[in-house]
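Q: Hello! I am new to this structure and would like a close look at a single part of it. Please take it slowly and explain the terms along the way.

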Amino acid sequence: MSKPTLFRMLDLPWCQTLMLESWNAVPGRFFVAYRATGAFNALLGQGVVDEFRTISAPLFLAPADTIGGIYDTGMKLADARDVEAPIDQGWPPLTIGIDVRSPDRPDDWQDRLLDALKTEQSIGKPPWNNKFSSARTGDYLVESAHCVINADIAASILVTDAPMLPLQLNRLAAASDSPVTVAVSVANRLPRVSGGEMHQIDVVSETQLDAIIRAVSSPD
């Protein structure tokens, strides 16, 4: 697969970040869903996803025994946007734990991570490999980032420009057999609205969704 167009991956020696947009974008949220299988439980930030079905922060991948510190750094990034931590300005940072030995980190690792996020510059290689794939059907694209350890996929993130509701994203995530899969639609960016104001969104049909899921199951 060529370089992804729907997201950007930032690599560091001790974690990896998938960015959907600039770290300080104007307030807004994307629909999201996740699916974990088996005994997987190394996840932080999922409580807000469970309640609101949206995300406004980067997604973090980190060794499972360091996800607390990585999550805290993601919160520092959100604080730099708004110390009140609204859900449409980077709170909470969904953080996925990978079952791999944690590398040593320098004393200023949090500052280095924050600088990498703000400048969108990679500064190393994480302790796993990546496999990228894509699937297109009609006008819609799904791009996937897979975390690979010893040829096995440990985590997957699927990003699509198809307008999907959270329940539809659940079905998209279920098309992956990864231990944990996060699915995000960037088609409907929900802006901040006044009290009582309704969001207007687009949604794919069930027929279109079925076609997209079939394409993801047999990627390019």
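What follows is a walk around strand E6 and its sheet, and then on to other places in the chain.

A: Happy to help! This is a predicted model, in which local features need pLDDT of at least 70 and side-chain atom pairs count only at pLDDT 80 or more, while totals for chains, interfaces and linings use all residues. Residues are numbered from 1 along each chain as its sequence is written, and side-chain values use heavy atoms, with hydrogens and water left out.

Let's begin with the sheet. Helices (H or I, at least four residues) and strands (E, at least two) are DSSP runs, numbered from the N terminus. Two strands pair if DSSP finds at least two bridges between them. Here, five strands make up an open sheet with mixed pairing, and their order is E1-E2-E6-E7-E4. At its edges are strand E1 (8–12) and strand E4 (43–44), each of which pairs on one side only.

Now look at E6, which sits between E2 and E7 in that order. On one side, E2 and E6 pair in the antiparallel sense over three bridges, and Leu18 has Leu59 in E6 as its bridge partner. On the other side, strand E6 (residues 59–63) is paired with strand E7 (residues 95–98) over four bridges, this time in the parallel sense. There, Pro63 stands opposite Ile98 in E7.

A helix joins the picture too. Helix H3 (residues 109–119) packs on this sheet and touches E1, strand E2 (15–19) and E6. Its direction makes about 155° with that of E1. Contact here means heavy atoms within 4.5 Å. The axes are lines fitted to C-alpha atoms, for helices over the stretch in contact, and angles run from 0 to 180 degrees between N-to-C directions.

Why is E6 described as largely enclosed by the rest of the structure? Because five of its five residues are buried. Buried means under 20% relative accessible area, exposed means over 50%, and partly exposed is in between (1.4 Å probe, protein chains only).

Just beyond E6, the loop between E6 and H2 holds Thr66. This residue counts as buried because its relative accessible area is 6%. Leaving aside neighbours within four places in sequence, Thr66 is in contact with Ser102 and Arg105.

Follow the chain on to the loop between helix H2 (67–81) and E7, and you will find Pro92. The peptide bond from Trp91 to Pro92 is cis, with omega near -5°. The loop between H2 and E7 also contains Ala85, which has a positive phi of about 55° although it is not a glycine. Most residues other than glycine have a negative phi, and most peptide bonds are trans. Ala85 is buried, at 17% relative accessible area.

After H3 comes another backbone feature to look for. Glu120 lies in the loop between H3 and strand E8 (129–137), and its phi, near 55°, is positive in a residue other than glycine. With 22% relative accessibility, Glu120 counts as partly exposed.

Next, turn to another sheet. Six strands form an open sheet in the order E5-E3-E11-E10-E9-E8, again with mixed pairing. Strand E5 (54–55) and E8 are the edge strands, and each pairs on one side only. E8 pairs with strand E9 (residues 140–149) in the antiparallel sense over nine bridges, and Arg136 stands opposite Leu141 in E9. Helix H4 (residues 166–174) lies across strand E3 (28–36), strand E10 (152–160) and E11, at about 40° to E3. H5, in turn, lies across E8 and E9, running at about 140° to E8.

Within this sheet, Val184 is a residue of strand E11. Val184 is buried, with a relative accessible area of 0%. Not counting residues up to four places away in sequence, its contacts include Phe30, Val32, Ile55, Leu158 and Leu169. The C-alpha atoms of Val184 and Arg53 are 9.9 Å apart, although these residues are 131 residues apart along the chain.

Last stop: the loop between strand E11 (180–191) and helix H5 (206–217), where Ile201 lies. Ile201 is partly exposed, at 33% relative accessible area.
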